[in-house]
2 protein chains.
Amino acid sequence: MAVKADGNTIRTERTRARILAESLSQFNQRGEAHVTTGMIAAALDMSPGNLYYHFRNKDQIVEQLFAAFEERVDVRPRASAGGPEAVEDLWLYLHLMLEGIWDYRFLYRNLDDLVWRNRRLRERFNRIVDRKFEAMVALCDGLVRARAMRAQPAEIRALTRNVLVVATYWLNYQSLRAPHATTLSRADDNDLGQGAFQVMALVAPYLVGDARRHLDRLSQHYID
Amino acid sequence: MAVKADGNTIRTERTRARILAESLSQFNQRGEAHVTTGMIAAALDMSPGNLYYHFRNKDQIVEQLFAAFEERVDVRPRASAGGPEAVEDLWLYLHLMLEGIWDYRFLYRNLDDLVWRNRRLRERFNRIVDRKFEAMVALCDGLVRARAMRAQPAEIRALTRNVLVVATYWLNYQSLRAPHATTLSRADDNDLGQGAFQVMALVAPYLVGDARRHLDRLSQHYID
């Protein structure tokens with residue numbers, strides 16, 4: 001049963017979406033702490049009162065953007081048949097995850113402050129990490145069963161923890177290491193590719209046979 | 001030729017040292033952004049004017065603490081004979097580094113903001129990372145020559161980059177993953193040991209023979 005939306009509802013939804021898009025863009029560019037609701041309203045040629053009608057405060061905007069981020073990264077890696085293709089599936093999956101992080105990079109810029117200020121975001125962020133942990137362990141178990149990986153269960157857990165640390169903080173590291181002062185906003189697509197390569201480099205030494213050779217070939221492009 | 005210090009110089013130095021120690025403690029506990037020079041002066045039963053006589057502003061305090069951090073982590077790994085002992089030397093070295101990060105953890109809490117606000121700190125921080133990069137590559141080259149490690153030069157560079165990412169952001173990750181809301185101030189010694197273990201887990205799959213077996217024994221304590 002489809003609900004028929006009237007003109008008002010559609011306008012309201014459109015305005016909310018515009019506010020969220022503008023907020024995301026400004027948060028990513030300047031850092032969330034340096035953006036006020038007034039700046040967002042001004043950029044949209046909107047009165048502060050109109051913005052408040054849609055979002056009571058900045059925290060509500062942050063929570064809405066976080067919900068969108070949650071949905072965006074809630075992707076499961078494809079359950080593959082194992083072997084060389086599994087390596088490509090994993091690489092693609094990492095790329096999708098890093099793109100999600102990139103699109104919502106303001107969340108990662110001062111992650112410690114953000115999750116310390118907002119307990120609910122902290123819990124939700126940790127649920128995402130928990131699910132990624134399980135997905136990565138399952139992926140490795142699959143590679144072991146397919147004889148594409150040789151690793152003990154304890155090694156897989158330590159590896160997975162390192163995968164999560166590198167994936168979570170890669171953009172921060174890139175931003176720190178960039179030759180000129182830069183914020184996360186200046187990272188680019190190439191940094192994402194380099195990030196996926198660095199995560200694959202964690203997995204590489206555990207791969208064997210065709211899977212290892214296939215990864216070495218895929219990695220050529222990134223080797224410095 | 002020793003310079004004889006008079007009573008005034010000694011008192012001045014002592015006051016500076018007390019201000020720095022109190023600042024470090026408060027920065028680590030609350031985050032540097034949430035501490036004012038007024039709070040530091042109050043905790044030391046000192047007038048704000050007296051504090052300003054020693055440090056013009058908070059940034060000067062941060063720079064002095066950074067200089068102390070720089071000196072603290074400017075340790076070179078022992079050039080070892082290779083073999084199983086080399087693994088213990090590396091582990092010890094990592095522990096020393098992580099302890100340095102731990103003692104000055106306020107620098108790492110909002111690293112992105114800190115180095116974005118202060119170009120000089122950014123450059124000095126990157127010089128530290130550069131030196132650690134070189135030290136780690138040299139260490140791996142030594143292990144390869146001693147036949148304790150099997151790795152190509154490109155693998156060593158990718159490995160070293162991951163070592164730096166995990167070592168730099170390990171405390172942030174631990175703080176994020178702690179069961180209760182916590183700041184970096186609440187991490188403890190056990191987290192440092194876990195951090196050293198996670199970094200060694202990056203190196204482990206490249207070790208061979210006795211070195212690998214020795215690392216596996218040392219790791220037993222940390223395996224979950």
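Six residues to look at along H8(A) are A:Phe125, A:Lys132, A:Met136, A:Leu139, A:Cys140 and A:Leu143, which are buried. This is a predicted model, so please read everything below in that light. The cover over the buried residues of H8(A) includes helix H5 (84-103), H7, H9 and helix H11 (209-219) of chain A. An α-helix has 3.6 residues a turn, so residues three or four places apart point the same way.

How does the span of H8(A) compare with what 1.5 Å a residue should give? With 27 residues, H8(A) should span 39 Å, and its end C-alpha atoms are 39 Å apart, so the two agree. After H8(A) comes A:Arg147, which has a positive phi, near 60 degrees.

**Where the chains meet**

H8(A) also has a part in the contact between the chains. In that contact, 37 residues of chain A meet 37 residues of chain B. On the side of chain A that touches chain B, at least two residues come from each of helix H7 (111-117), helix H8 (119-145), helix H9 (153-177) and helix H10 (189-203). Which of them gives the most? That is H9(A), with 16 residues.

H9(A) also packs against its namesake in the other chain: the axes of H9(A) and helix H9 (residues 153-177) of chain B come within 9 Å and cross at roughly 95 degrees. H9(A) is therefore roughly perpendicular to H9(B). From H9(A), the contact is made by A:Asn162, A:Val165, A:Val166, A:Thr168, A:Tyr169, A:Trp170, A:Asn172 and A:Tyr173. From H9(B), the residues are B:Asn162, B:Val165, B:Val166, B:Thr168, B:Tyr169, B:Trp170, B:Asn172 and B:Tyr173.

**Domains of chain A**

The domain assignment splits chain A into domain 1 (7-56) and domain 2 (65-222). Taken over C-alpha atoms, the centres of these two domains of chain A are separated by 31 Å. Where they touch, 9 residues of domain 1 of chain A are in contact with 7 residues of domain 2 of chain A.

**Residue make-up of the contacts**

Here are the contacts described above, by residue class.

| Set of residues | Nonpolar | Polar | Charged |
|---|---|---|---|
| Side of chain A that touches chain B | 20 residues | 8 residues | 9 residues |
| Contact of H9(A) with H9(B) | 10 residues | 6 residues | no residues |
| Side of domain 1 of chain A that touches domain 2 of chain A | 4 residues | 4 residues | 1 residue |

The contact of H9(A) with H9(B) has no charged residues, while the side of chain A that touches chain B includes 9 charged ones.

Conventions. Residues are numbered from 1 along each chain as its sequence is written. Chains are lettered from A and ligands numbered from 1 in the order in which they are written. This is a predicted model: local features need pLDDT of at least 70, side-chain atom pairs count only at pLDDT 80 or more; totals for chains, interfaces and linings use all residues. Two residues are in contact if their C-beta atoms, placed from the backbone, lie within 7 Å. Helices (H or I, at least four residues) and strands (E, at least two) are DSSP runs, numbered from the N terminus. Ala, Val, Leu, Ile, Met, Phe, Trp, Tyr, Cys and Pro count as nonpolar, Asp, Glu, Lys and Arg as charged, and the others, Gly among them, as polar. The expected span of a helix is 1.5 Å times one less than its number of residues. A residue is buried if 20 or more other C-beta atoms lie within 10 Å of its own, exposed if 12 or fewer, and partly exposed in between; C-beta atoms are placed from the backbone. Axes are lines fitted to C-alpha atoms, for helices over the stretch in contact, and angles run from 0 to 180 degrees between N-to-C directions. Angles under 35 degrees count as roughly parallel, over 145 as roughly antiparallel, 65 to 115 as roughly perpendicular and the rest as oblique. Domain bounds come from an automatic or database domain assignment.
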